Amino acid sequence: MIGLHWRKTISTIVLLLYVATISLVVSSSTPQQFSLEDFQRVLRSSLDSELDKITDEKVSTAQETTNIHAKSKTLMRRRASIQNREEDVIKSRALFDRRSSGHVYTSEDIWDDIVQHTWKISDTIKRDEGKSMTRTTTTYDDDVTLPIPFLVCGEEHLDFNDIVASFNKLEEEALLVSSSHDEFCLVLSTTSAQGREVIDSFGGSLKGVPLPDFTKIQPGTIDEVLSKGWSVPFSQEQVVTKKSNATEMINHWERIIIVDFTPELSGMKEEADLLKVVNVITNDIQDMGEVGWYEKIDEEEKQKYSVDENTIDIPSLSDVFSLTAITTATSDNQRIRFWREVFKNGIESKHVCSTMFSTLFVKARSGNYSFELVLNPMDGPPAEEYESSASNPNCVASLVAALSVHPYVLSVKANFPTYHGWNVAQLMDSFK
């Protein structure tokens, strides 16, 4: 087991602020698109059930679905209080508004907006060497934007290796995900510019789309991590008494988030290389979380904090996560409000789930193709604060969502341990 060494969240802390006004410019050329039906036929993911929840206005509200926690006074990393500062630049959001008289917002509409948002992200996300991941107003050239995972499908007469070579990739840098008598599909990482160029060069026999964030979340993961049985037990609640087998199972199994790398990052030779990449991912998530916290506070409170100029173009998690970014047409939707509350009371809260990040461990999985985030390591330090720990379900759910938006991540799921054939989390729900 590897202990992940995090940046300290004490005293010397400088604020992250995303103050750039985003008015995204995207390429006018968009390759042949996947319909929702076509995509679901190729990949099964949490998106399927999520679309049902969005279009079903009878789903529970955020407060009914998961606990909403009050803020606590917690010092955060990289923030510094000041007495006076210039007036903040208020970020304007690029929103997709389909509202019109009589229009019914369908699953296909949501899918179209998610795909449009994903293309915009792929066109504008970048990382300068040694710096955080940023998103700005410019559509970048091929050698500047970050490669992100694409789903690419070709007609049966095409050759797998020819397609992979067209993206300047090796065979091991692509993953075959489906194959039938008339089509095969693969996942590989590429920039948006290269993706458009290669797909267009095949003259309609190849189609592709940047992999939307929620499609990286495995089915059942969100419901599982929000269930009572899966929730991480808080250390102060663990009273040393004679326990039943059920209670023992609650307190003595590790809650793990399993993350798969994109194909081009898979199979790193050294475990140390894997740990470096994981640190980059988690640092990006924490940076975007603090930006999200700042954007949500009122103008009077903003006056207390200064701005690190190196972080001006860092987006918030809410701006990059598709279901909270496509807000206008779904502004009154209960499930969209649920996700806003998850971020607001999770990684984008004042505490930014700092205890969760400071106590979790990383374990490399066989072959270094993936890794585990152990939220309650049995041989690690216990959490001392509930609200900012993994015991807060908002922290865990927002972590899963945040991992899905990262371009280095292909898949996210929670562990479902079994005990004599029973799913432990489901079994525990029956005892609570």
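Begin by selecting helix α4, residues 107-124, which lies across strands β4 and β7 and runs at about 80° to β7. Keep in mind throughout that this is a predicted model. With α4 still displayed, add helix α6, residues 192-201, which lies across β4, β6 and β7 and runs at about 165° to β7.

**The sheet beneath these helices**

Now select the strands themselves: four of them form an open sheet in the order β5-β6-β4-β7, with antiparallel pairing. The edges are held by β5 (174-179) and β7 (206-210), and because each has a single partner strand, one side of each is left without a neighbour in the sheet. As you step across the sheet, the twist averages 25° from one strand to the next. Strands of a sheet pair through backbone hydrogen bonds, either parallel or antiparallel. For β4 and β6, the sense is antiparallel and the pairing extends over eight bridges. To find one of these pairs, select Ile148 and look to β6, where its bridge partner is Thr190.

**A disulfide between β4 and β6**

Staying with these two strands, show the side chains of Cys153 and Cys185, which are joined by a disulfide with an S to S distance of 1.9 Å. The pair links distant parts of the chain, with Cys153 in strand β4 (residues 148-155) and Cys185 in strand β6 (residues 183-190), 32 residues apart. Viewed about the S-S bond, the link of Cys153 and Cys185 has an angle of 110° and is right-handed. Is this bridge buried or exposed at its two ends? Cys153 counts as buried, at 1% relative accessibility, and Cys185 is buried too, with a relative accessible area of 0%.

**The loop after β4**

Move next to Asp159, which has its place in the loop between β4 and α5 (160-166). At 36% relative accessibility, Asp159 counts as partly exposed. A polar atom of the Asp159 side chain lies 3.0 Å from the backbone nitrogen of Asp162. If you then add Phe184 to the selection, you can check a separation of 9.5 Å from C-alpha to C-alpha between Asp159 and Phe184, although the two are 25 residues apart in sequence.

**The second disulfide**

A search of the whole structure finds two disulfides, and the other one is reached by selecting Cys353 and Cys395, with an S to S distance of 2.1 Å. Cys353 lies in the loop between α13 (334-344) and α14 (354-359), whereas Cys395 lies in helix α15 (residues 393-405), so the pair ties together parts that are 42 residues apart in sequence. The torsion about the S-S bond of Cys353 and Cys395 is about -95°, so this disulfide is left-handed. Cys353 counts as buried at 0% relative accessibility, and Cys395 likewise counts as buried at 0%. When the bonded cysteines of the chain are numbered in sequence order, the pairing reads 1-2, 3-4.

**A hairpin, β9 to β10**

Select residues 361-364 and 370-374 next: these are strands β9 and β10, which run antiparallel and are joined by four bridges. Within this pair, Val362 stands opposite Leu373 in β10. Which residue in the turn of this hairpin has a positive phi? Five residues lie between the two strands, and Gly367 in the turn has a positive phi of about 85°.

**The nonpolar core**

From the hairpin, turn to Leu375, which belongs to the largest nonpolar core, a set of 94 residues in which Leu151, Ile257, Met356 and Leu375 have the most contacts. Helix α15 gives the most to this core, with nine residues. Leaving aside residues up to four places away in sequence, Leu375 touches Trp230, Val232, Arg255, Ile257, Met356, Thr359, Leu360, Ala390, Val396 and Leu399. Displaying these as sticks shows that Ile257 and Met356 are among the residues touched by Leu375.

**The chain as a whole**

To finish, zoom out and colour by secondary structure, which comes to 16 helices and 13 strands. Of the 432 residues in the chain, 57% are buried. Among contacts between residues at least 6 apart in sequence, 81% join residues at least 24 apart.

Technical notes
Residues numbered from 1 in each chain as written. Predicted model: local features only at pLDDT ≥ 70, side-chain atom pairs only at ≥ 80, totals over all residues. Heavy atoms only, no water. Pairing = 2+ DSSP bridges. Disulfide = S-S within 2.5 Å. Buried < 20%, exposed > 50% of the residue type's maximum accessible area, 1.4 Å probe, protein only. Core = buried A, V, L, I, M, F, W, Y, C linked by side-chain atoms within 4.5 Å. Contact = heavy atoms within 4.5 Å. Axes fitted to C-alpha atoms, helices over the stretch in contact; angles between N-to-C directions. Polar contact = N/O pair within 3.5 Å; in protein donor to acceptor, adjacent residues only side chain to side chain.
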